[in-house]
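User: I would like to learn how to read helix packing, burial and backbone features from a model, taking one feature at a time.

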Amino acid sequence: MTPDLPELPGILSREALRSTVDSIAAVQERSGAIPWFAGGQLDPWDHVEAAMALSVAGRYAEAERAYRWLFRTQRADGSWPMKVVAGEVEDHSGETNMSAYLAVGVWHHWLVRRDEVFVRSMWPTVRRGLDWVVGMQLPFGGIAWSQEWRDGRPAKVNEEALLAGSSSIHQSLRAGVALSELVDEPQPEWELAGGRLGHALREHRDLFLDKSEYSMDWYYPVLGGAIRGDAARALLEERWETFVVPGLGIRCVAPDPWVTGAETCELVMTLDAIGDRQRAHRLFAEVQHLRDEGGRYWTGYVYPDDVNWPVEHTTYTAAAVVLAADALGQLTTGSDIMRGASLPVHFGELALECGCASADAGQRAGLA
């Protein structure tokens, strides 16, 4: 049965949200690929996010076409190229965060659709992707952010970890473990990697690349599920005034007077995940100034100049709006995807090797 779309009275109607989903579907290419905008670039992470939005609206055929595109284009090592335009690869590098996110998309599709045949058909692709990602884990627990390709072959690994990317991978590993349980193919190495990664995100954020001027580094450890409870609330309060622009949304980059829709909607889902629904609703209402005709959304807004910039409507922004609306409306069975109640609890922290006091405590408790 096709689910009803969520409705947020006074913010976004069901019909308005449906037009936003339609704007995503209109950009999908015949191959199933969903670029940022018609004729624009595609990356696997944003492609999956757009597919998830299609699933929310019950557009299962289009969503599954998008996932099948990933099935067909995965490379032998389990990765995907970082940038594709009109079917041509423009950046062959493999980014771990992008290659991991399929697990979240397939788990979300399962929550909404409950189609085990589809899940099993995608499982080998998910497994290869996460196996490649886990193989890129660094000694301190973070995940190396990318691998360069030269002459059509994998080459240099960029042995530094991005905090936001690794936080997203944490969620992907949880989704991967959930899928492995569903298909009865346990993946204990993913659980071990997830335990090390979660610990690094909670206790050793100083060992990741310093991208603290980006709002994603601020909220993603919470959105990705590594940090919850009082620690999550404290982390969000630390830089709330740095990034949140009342009435408009959140800055993408701290020094810049530029708010962006995707990051704002991700913060909405982050707040919802920790139960701060009042601020989540307010922020979601405020970001609707980016809405344009046909249900499309501008990527961002430069507020001193009162202009939308860049001059583009992006599918990943529209998708973030749809997923945030579903999180707040709690209508579809996929609305839990960021709260994560359907995913395994924190991975255990057994066998950690960093030697810090919190690692010792985690080993004694056997819990994150």
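The dialogue below goes through helix packing, burial, cysteines and backbone geometry in turn.

Analyst: Before we begin, please keep in mind that this is a predicted model.

User: How should I describe two packed helices in general, and at what angle do helix 1 and helix 14 pack?

Analyst: Two packed helices are described by the angle between their axes and the distance between the axes. Here helix 1, residues 14-27, packs with helix 14, residues 315-329, at an angle of about 145°, and their axes are 9 Å apart. The crossing in which helix 1 passes helix 14 is left-handed.

User: Which residues make that contact, and how do they divide by class?

Analyst: Helix 1 contributes Leu17, Thr20, Val21, Ser23, Ile24 and Val27, while helix 14 contributes Thr315, Ala318, Ala319, Val321, Val322 and Ala325. Of the residues in this contact of helix 1 with helix 14, 9 are nonpolar and 3 are polar, and no charged residue takes part.

User: How do helix 1 and helix 2 cross, and which word describes their relation?

Analyst: The axes of helix 1 and helix 2, the latter formed by residues 44-56, come within 10 Å and cross at roughly 130°. An angle that is not under 35 degrees, not over 145 and not in the range 65 to 115 counts as oblique, and helix 1 and helix 2 are therefore oblique to each other. The crossing of helix 1 past helix 2 is left-handed. Val21, Ile24 and Ala25 of helix 1 meet Ala50, Ala53 and Leu54 of helix 2, and by class this contact of helix 1 with helix 2 has 6 nonpolar residues, with no polar and no charged ones.

User: What are the angle and the axis distance for helix 13 and helix 14, and which residues are in contact?

Analyst: Helix 13, residues 277-286, packs with helix 14 at about 145°, with the axes 11 Å apart, and the crossing of helix 13 and helix 14 is left-handed. The contact is built from Arg277, Ala280, His281 and Phe284 on helix 13 and from Val321, Ala324, Ala325, Ala327 and Leu328 on helix 14. In the contact of helix 13 with helix 14, the division by class is 7 nonpolar, 1 polar and 1 charged.

User: Turning to burial, why is helix 9 described as largely enclosed by the rest of the structure?

Analyst: A residue counts as buried when its relative accessible area is under 20%. In helix 9, residues 215-223, 8 of the 9 residues are buried, so the helix is largely enclosed by the rest of the structure. The buried residues are Ser215, Asp217, Trp218, Tyr219, Tyr220, Pro221, Val222 and Leu223. Just after helix 9, Gly225 takes a positive phi of about 90°.

User: How many disulfides are counted, and why is the sulfur of Cys265 not in a bond?

Analyst: A disulfide requires two cysteine sulfur atoms within 2.5 Å, and by this rule the count comes to 0 disulfides. Cys252 is in no disulfide, its nearest cysteine sulfur being that of Cys265, 13 Å away. The sulfur of Cys265 likewise has its closest cysteine sulfur in Cys252, at 13 Å, which is too far for a bond. Cys252 counts as buried because its relative accessibility is 11%, and Cys265 counts as buried at 0%.

User: Where is Arg14, and is Arg14 buried, exposed or partly exposed?

Analyst: Arg14 lies in helix 1 and is partly exposed, with a relative accessible area of 28%. Leaving aside residues up to four places away in sequence, Arg14 touches Asp4, Leu5, Pro6, Glu7 and Leu331. The C-alpha atoms of Arg14 and Arg30, which are 16 residues apart along the chain, are separated by 27 Å.

User: Finally, which peptide bond is cis, and where do Asp151 and Asp184 lie?

Analyst: The peptide bond from Trp309 to Pro310 is cis, with omega near -5°, and Pro310 is located in the loop between strand 10 and helix 14. Asp151 is not a glycine, yet it has a positive phi of about 55°. Asp151 sits in the loop between strand 4 and strand 5 and counts as exposed at 80% relative accessibility. Asp184, also a residue other than glycine, has a positive phi near 60°. Asp184 is found in the loop between helix 7 and helix 8 and is exposed, with a relative accessible area of 63%.

Definitions and conventions. Residues numbered from 1 in each chain as written. Predicted model: local features only at pLDDT ≥ 70, side-chain atom pairs only at ≥ 80, totals over all residues. Heavy atoms only, no water. Axes fitted to C-alpha atoms, helices over the stretch in contact; angles between N-to-C directions. Helix = DSSP H or I, 4+ residues; strand = E, 2+ residues; numbered from the N terminus. Left-handed = near helix turned anticlockwise from the far one by under 90°. Contact = heavy atoms within 4.5 Å. Nonpolar A, V, L, I, M, F, W, Y, C, P; charged D, E, K, R; others polar. Buried < 20%, exposed > 50% of the residue type's maximum accessible area, 1.4 Å probe, protein only.
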